[in-house]
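Grab a pencil and work through these short exercises with the model open beside you. Each task comes with a solution that goes step by step.

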Amino acid sequence: MGTRSLTVVHEDEAGSRPGDLLTMYRQYDGHPTGHGKELADFLSGFSITNGLCGRDQSARKANGMGCLAAQIVAHFKTEPGNVYLYPPGVRDLWEEYIYTISLAQPASGGARPHLRLVVQAGCVTFFGASGTTQNHMPVIFDGQPEAFDADVGRTRASVARLDTQGHRA
């Protein structure tokens, strides 16, 4: 049996309609040391822009979050099976982890926006049944992809499990 996960790309830039752009389901290897590490490595160093200048087609650049979502699908969907797309907003697919990517606006005026990766325990991992909403699932990691450590994510998942259930699993 595989470790299922969802990868969600969330649009919340000024001037755009907020909401999910992409819900990508991964059937197996969705744990932080698998999909989490691969996703964080893929996202590390990405620059999100609003328009591309001339021949500036860097492989580490996306023209908005919609462009990033398309690049994520192109990176992960390499063969039949395992990776599937669902309509934006879909949850409760018996996922064990949810990876949400958004653009974080910096507090200071001069700094550039950067990618934010939030990793949450899915309903199956910590609650044992479907039906739990995403906003009630423990956060394992919240930060820039470059700071993601798959082993720390696994350790925090154990702590989150104790906190949400009140006893050792």
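Before starting, one term: contact means heavy atoms within 4.5 Å. Keep in mind, too, that this is a predicted model.

**Exercise 1.** Work out which strands stand at the edges of the six-stranded sheet.

Solution. Start with the order, which reads β5-β2-β1-β6-β7-β8 in an open sheet with mixed pairing. Now look at the ends: β5 (83-86) and β8 (139-143) each have a single partner strand, so one side of each lacks a neighbour in the sheet. As for twist, neighbouring strands are turned by 20° against each other on average, direction ignored.

**Exercise 2.** Find how β6 and β7 are joined.

Solution. Residues 97-104 make up β6 and residues 114-121 make up β7; the two run antiparallel, with eight bridges between them. For one example, take I101, whose bridge partner in β7 is L117.

**Exercise 3.** Place the two helices on the strands.

Solution. Take α1 (residues 32-43) to begin with: this helix lies across β1, β2, β6 and β7, at about 15° to β6. Then α2 (residues 65-76) lies across β1, β2, β5, β6 and β7, running at about 5° to β2.

**Exercise 4.** Which element gives the largest share of the largest nonpolar core?

Solution. The core has 29 residues, and those touching the most other members include I72, I101 and L117. Elements giving two or more residues are β2, α1, α2, β6, β7 and β8. The largest share, six residues, comes from α2. Finally, zoom in on I72: beyond its neighbours within four places in sequence, I72 contacts V9, M24, F42, L43 and I101.

Notes: Residues numbered from 1 in each chain as written. Predicted model: local features only at pLDDT ≥ 70, side-chain atom pairs only at ≥ 80, totals over all residues. Heavy atoms only, no water. Pairing = 2+ DSSP bridges. Helix = DSSP H or I, 4+ residues; strand = E, 2+ residues; numbered from the N terminus. Axes fitted to C-alpha atoms, helices over the stretch in contact; angles between N-to-C directions. Core = buried A, V, L, I, M, F, W, Y, C linked by side-chain atoms within 4.5 Å. Buried < 20%, exposed > 50% of the residue type's maximum accessible area, 1.4 Å probe, protein only.
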